[in-house]
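I opened this entry to keep track of what I looked up, chain by chain and then residue by residue.

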Amino acid sequence: MSHQQDIARLLQGRSFIELSARERAHSLLDAGSCRELAGPFERLYSPWLSAQGIVTQADDGVVICKGLLDGQPAVIAAIEGSFQGGSLGEVGGAKLASALELAAADNRQGIPTRGVILFETGGVRLQEANLGLAAIAEIHAAIADLTRYQPVIGIIAGTVGCFGGMSIAAGLCSYLIVTREARLGLNGPQVIEQEAGVAEYDSRNRPFIWSLTGGEQRQACALADALLEDDSTLIRQQLLQFMARGLPEQPRHRRSRHYLERLLAMDSAAQADADSARQLFHSGEKP
Amino acid sequence: MEKLHLHYPAGAPAAQAVLVGVVASGDLEVLIAPAAAGSCHIVIHSAADGSAARWRAQLDRLFADGQAAAMQMEINDFGATPGVVSLRLAQALEELSA
């Protein structure tokens, strides 16, 4: 791509990553259809952060928007990555879980509400401990419930990525959309470095980190379903395509035996790199 | 964390509710809700201890003349600099009159 084309793309493109959680939800839903539930003026603050001297946010970092996607009913739950690292506590977690639970209840009453989760999260909010963990378990259960009726589509755009218990939630989604800026992993780089040592995993080596947990790698290993440019229009188009495709024949979390066999076959004596990880995930019988 | 209440005279009630910003590092969130005519009440939660004098000086400049709409304003500040604060306040008041 020429220098001129690069500049034109930068000026004309509509970045998705640069949008706040609320703007992301608005940009995906059909124009004029968006209605926020349990919004900031309901003032559902985290009661635990202020008790620990931490400033709260009026929506507790989770934005729930009901609306239409290509004319079909949908609910979008967007996590704000820049508030407390997108961590899930009692209130934000309950908002996210309830949104998905209500969407499943809709389906039982004949309303085909779809679910979309915009992940930008480090996982559980440590200041809220077990309440955050319980909320994430409820989110997992709610995704499993809703995917009996409708696809739940996860989007990890970046720049925070998706880690901890919420990476399991991403794994439970029917389809997962990522960008090159996205990262997906159970433990974050600094946690792995602390546990395994800097020789094993240097969290400041950004090319190394992205080569193993970045969006491009996750898609190449078939742990994500679409890798897109950071562009709101492209992301919305892909989301609508996955919606139209309906439930996958065999969702990723039903292929756990395949993944476990791959991990057992891995030679952990050799340092893993991007190529060996790709070969590993594509080896063996097709799931 | 510091909590501050400020009261100012004001005009007619604000026309709508407004939210701008995010409680991110070096940023803040401003919520505006309409209030009864004549009253402007501002609550500030700030991560920066000892910043009361600065907040008072900065908000006095905007609201002490009593010309603003009557509102209940809430500010959740995560260590924003005075420059960021004034940009966010300008953004909030601009959206209020939009």
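**Chain B, overall.** I began with the radius of gyration of chain B, in what is a predicted model. For 98 residues a compact globule would come near 13 Å, and chain B has 12 Å, so the two agree. I then took the extent along the principal axes: the C-alpha atoms of chain B fill a box of roughly 35 × 25 × 20 Å.

Next I looked up the secondary structure of chain B and found two helices and five strands. Read from the N terminus, the order of the elements is β-β-β-β-α-β-α.

I also noted burial and surface. In chain B, 47% of the 98 residues count as buried. The accessible surface of chain B is about 4,400 Å², and carbon and sulfur atoms account for 56% of that. For the contacts in chain B between residues at least 6 apart in sequence, I have 83% joining residues at least 24 apart.

**Ser25(B).** Which residue does UniProt list for "modified residue: O-(phosphoribosyl dephospho-coenzyme A)serine"? The unreviewed entry lists Ser25(B). I located Ser25(B) in the loop of chain B between strand E2 (18–21) and strand E3 (28–34).

Is Ser25(B) buried or exposed? Its relative accessible area is 68%; the cut-off for exposed is over 50%, so Ser25(B) is exposed. I then checked its contacts, leaving aside neighbours within four places in sequence, and found Ser82(A) and Phe78(B). One of these partners, Ser82(A), therefore belongs to chain A, and the other, Phe78(B), to chain B.

**Chain A, overall.** I repeated the chain-level checks on chain A. Its secondary structure comes to twelve helices and seven strands. The globule rule for 287 residues gives a radius of gyration near 19 Å; chain A has 19 Å, so chain A agrees with a compact globule. Along the principal axes, the C-alpha trace of chain A spans about 55 × 45 × 45 Å.

Buried residues make up 50% of the 287 residues in chain A. I noted about 13,800 Å² of exposed surface for chain A, with 52% supplied by carbon and sulfur atoms. Of the contacts in chain A between residues at least 6 apart in sequence, 71% join residues at least 24 apart.

**Pro73(A).** I picked Pro73(A) in strand E3 (residues 72–79) of chain A. Pro73(A) has 18% relative accessibility; buried means under 20%, so Pro73(A) counts as buried.

What is Pro73(A) in contact with, leaving aside its neighbours within four places in sequence? I listed Gly67(A), Leu68(A), Ile111(A), Pro112(A), Thr113(A) and Arg114(A). For one of these partners, Thr113(A), I also looked up the separation: Thr113(A) and Pro73(A) are 40 residues apart in sequence, and their C-alpha atoms are 4.7 Å apart in space.

**Surface patch on chain A.** Which residues make the nonpolar surface patch of about 280 Å²? I found Leu260(A), Leu263(A) and Met266(A).

I followed up on Met266(A), which lies in the loop of chain A between helix H11 (256–265) and helix H12 (274–282). The relative accessible area of Met266(A) is 35%; since partly exposed covers values between 20% and 50%, Met266(A) is partly exposed.

Key
Residues are numbered from 1 along each chain as its sequence is written. Chains are lettered from A and ligands numbered from 1 in the order in which they are written. This is a predicted model: local features need pLDDT of at least 70, side-chain atom pairs count only at pLDDT 80 or more; totals for chains, interfaces and linings use all residues. Side-chain values use heavy atoms; hydrogens and water are left out. UniProt positions are given in the numbering used here, feature names are shortened, and annotations may be inferred rather than shown by experiment. Helices (H or I, at least four residues) and strands (E, at least two) are DSSP runs, numbered from the N terminus. Buried means under 20% relative accessible area, exposed over 50%, partly exposed in between (1.4 Å probe, protein chains only). Contact means heavy atoms within 4.5 Å. Patches are made of residues with over 30% relative accessible area and no salt bridge: like charges are joined within 9 Å, nonpolar side chains (Val, Leu, Ile, Met, Phe, Trp, Tyr) within 5 Å. Accessible areas come from the Shrake-Rupley method with a 1.4 Å probe; for residues, only the protein chains shown count as cover. A salt bridge is a side-chain nitrogen of Lys or Arg within 4 Å of a carboxyl oxygen of Asp or Glu. The radius of gyration is taken over C-alpha atoms; the globule rule is 2.2 Å times the number of residues to the power 0.38.
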